[in-house]
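Colleague: I should be grateful for a close look at a single residue and its surroundings, followed by an account of the chain that holds it.

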Amino acid sequence: MKMPKIHFGYLTLFVALLFAPFIVYPVLMMKVMCFALFACAFNLLLGYTGLLSFGHAVFLGTGAYVTGHVLKEWGWPTELGLLAGTLSASVLGLVIGALAIRRQGIYFAMVTLALAQMVYFLFVQAPFTGGEDGLQGIPRGTLLGVVDLADDQSLYYFVLAICVGAFWLIHRTIHSPFGQILKAVRENEARVVSLGFDVAKYKLVAFVLSATLAGLAGATKVLVFKFATLTDAHWHTSGEVVLMTLLGGMGTAFGPVVGAGVIISLQSELADKVGSLVTVIMGGIFVVCVLAFRRGIVGEASALYQRITGR
Amino acid sequence: MTEIFGIPIQALMGQLVLGLVNGSFYAMLSLGLAVIFGMLNIINFAHGAMYMAGAFFAWMGLTYWGIGYWWALILVPLAVGVVGIVIERTMLRWLYQLDHLYGLLLTFGLALMIEGVFRYYYGASGLPYSIPEELTGAINLGFMFLPKYRAWVVVVSLVVCLATWFVIEKTKLGAYLRAATENPRLTQAFGVNVPLMVMLTYGFGVALAGLGGVLAAPAYAVSPLMGSNLIIVVFAVVVIGGMGSIMGSILTGLSLGVVEGLTKVFYAEASNTVVFVVMVIVLMIRPAGLFGKEK
């Protein structure tokens, strides 16, 4: 009888998010939501399939660049731009995923990192990314030709709708038979193979789905900030999404959202106070999480809750 | 005979030597990664940071205390090794029973911290470290000028790599080490102090990276970013070679350096992606890596 309680939690959060832009700066909220989506997409792989992709930023970057390019240079409508960015990330996810799943465990992480670095170098050299300058001044456009997204408030609700939709998709995936098999792969891959499942196929679908949603996060982020830069695709960003997921709680539905919220607000709080020491603090959080806090905030909280209620 | 395939032989040989220099660093770092992975079951993401720290220790020694290159060559690897041992004792040893990915994540965090600290104090731009007097200049080989320092780097790293190979494959200590890699509990039951060996292995592995850093300091600018740029390429090298064999790591590292150097001559745009392209090809043809065995 746990389900109603969780749904109640979701509902509260949703209502809070509806009113949030009246209290908090909407652009910051939108940034948190984009990264929360990114981290949830990543968690689908790490938390539910047990695959550590160390190059996920490249999908965020691809979504951002492609969306930015078609909106700015080709003047596509916003919805099509988002779709183009998202699908490009899926295609790239298919290619990288097909290569990476040929190796298991720790090699998988190294392969994804190396392939992401390769794509990053391509982004540095390719003309359409604008190199070091990135793409600037990308128009937000209008939603269905009616709602003007240049207004932060309207964009906020659009981004909220995208994130809620994507979160719902992830939720449904996790609780589907497909999601059950992913969890089984995480727990014991050999056994799933022996039960007759084509594990490679399941891993690849999970990878593509995760890449797609990461691309959607990148595409949405472009609308929010109106620029796309190399930072989006850099391995530092890949590390950040790992940190968000780890801090919030791997394999919990809600952990990555919490992690993204904490990390993004920490960064925006600290950026002008300690400068480049932010990296050191992020590294420190990594170390503390791994050594003492492996279940993450949500994981520890629910363990505590269970201990108190005696279940 | 001054051209091959329309490329001046001078330029070709020059890039070949530069490729060998890069390959020496790949070889030393991937060797360290392989040794550490064998004993600790941890992929040491902090390896690049240790290499960077090695270069910085050499620079700091010279700038603050007047410790020259030759002393740095001995003292810096020791210092980096001690740092490694402290890390192993205080953090890594709690992770041996856990999934491999935690080791990667912890060392990633350490890499961020080390890199961030140096970046905070020294900025992101490079600091110069001059080549020691004895190694400046070049040797005329008739068909090309070979800068002495580049030759020195290749020779030193070859000697160090081969010595490591010899110790691990041919000595009694190496036999203990291989036994402990294969089956730590059984080896411990025979009276070998496995935890001590694990600790020293990590110290030795990162000391190799530190030595690489000292060698790299005069060859490249000393910069906080030098390690992370390198470690990703070294990961690709490790995926290509597989971590099963010591000699495999050395050969893969050197040859990929050469491949990279040659790419610079024939198609310069691809020179920083060629190692990854090779990795893709190897993954398609021989997923376990050239020297690896699928577990």
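Modeller: What follows begins with one serine and then turns to its chain. The model is predicted, and the values given here are computed from it.

The residue chosen is B:Ser24, which belongs to helix H1 of chain B, a helix that covers residues 9-40. Its relative accessibility is 0%, and because buried means under 20%, B:Ser24 is assigned to the buried class. Once the neighbours within four places in sequence are set aside, B:Ser24 is in contact with four named residues: B:Val153, B:Val154, B:Ser157 and B:Leu254.

The wider setting may now be described. Chain B contains 11 helices and four strands, and helix H1, the one that holds B:Ser24, is part of that chain. Of the 295 residues in chain B, 54% are buried. As for contacts in chain B between residues at least 6 apart in sequence, 77% of them join residues at least 24 apart.

The overall dimensions can be set against a simple rule. A compact globule of 295 residues would have a radius of gyration near 19 Å, and chain B has 19 Å, so the two agree. The C-alpha trace of chain B spans about 65 × 50 × 35 Å along its principal axes.

The surface and the charges complete the account. Chain B exposes about 12,800 Å², of which carbon and sulfur atoms supply 68%. Its side chains include 13 positive and 11 negative ones, and the centres of these two sets are 10 Å apart.

How values were computed
Residues are numbered from 1 along each chain as its sequence is written. Chains are lettered from A and ligands numbered from 1 in the order in which they are written. This is a predicted model: local features need pLDDT of at least 70, side-chain atom pairs count only at pLDDT 80 or more; totals for chains, interfaces and linings use all residues. Side-chain values use heavy atoms; hydrogens and water are left out. Helices (H or I, at least four residues) and strands (E, at least two) are DSSP runs, numbered from the N terminus. Buried means under 20% relative accessible area, exposed over 50%, partly exposed in between (1.4 Å probe, protein chains only). Contact means heavy atoms within 4.5 Å. The radius of gyration is taken over C-alpha atoms; the globule rule is 2.2 Å times the number of residues to the power 0.38. Accessible areas come from the Shrake-Rupley method with a 1.4 Å probe; for residues, only the protein chains shown count as cover. Lys and Arg count as positive and Asp and Glu as negative; His and the chain ends are not counted. The place of a charge is taken as NZ of Lys, CZ of Arg, CG of Asp or CD of Glu.
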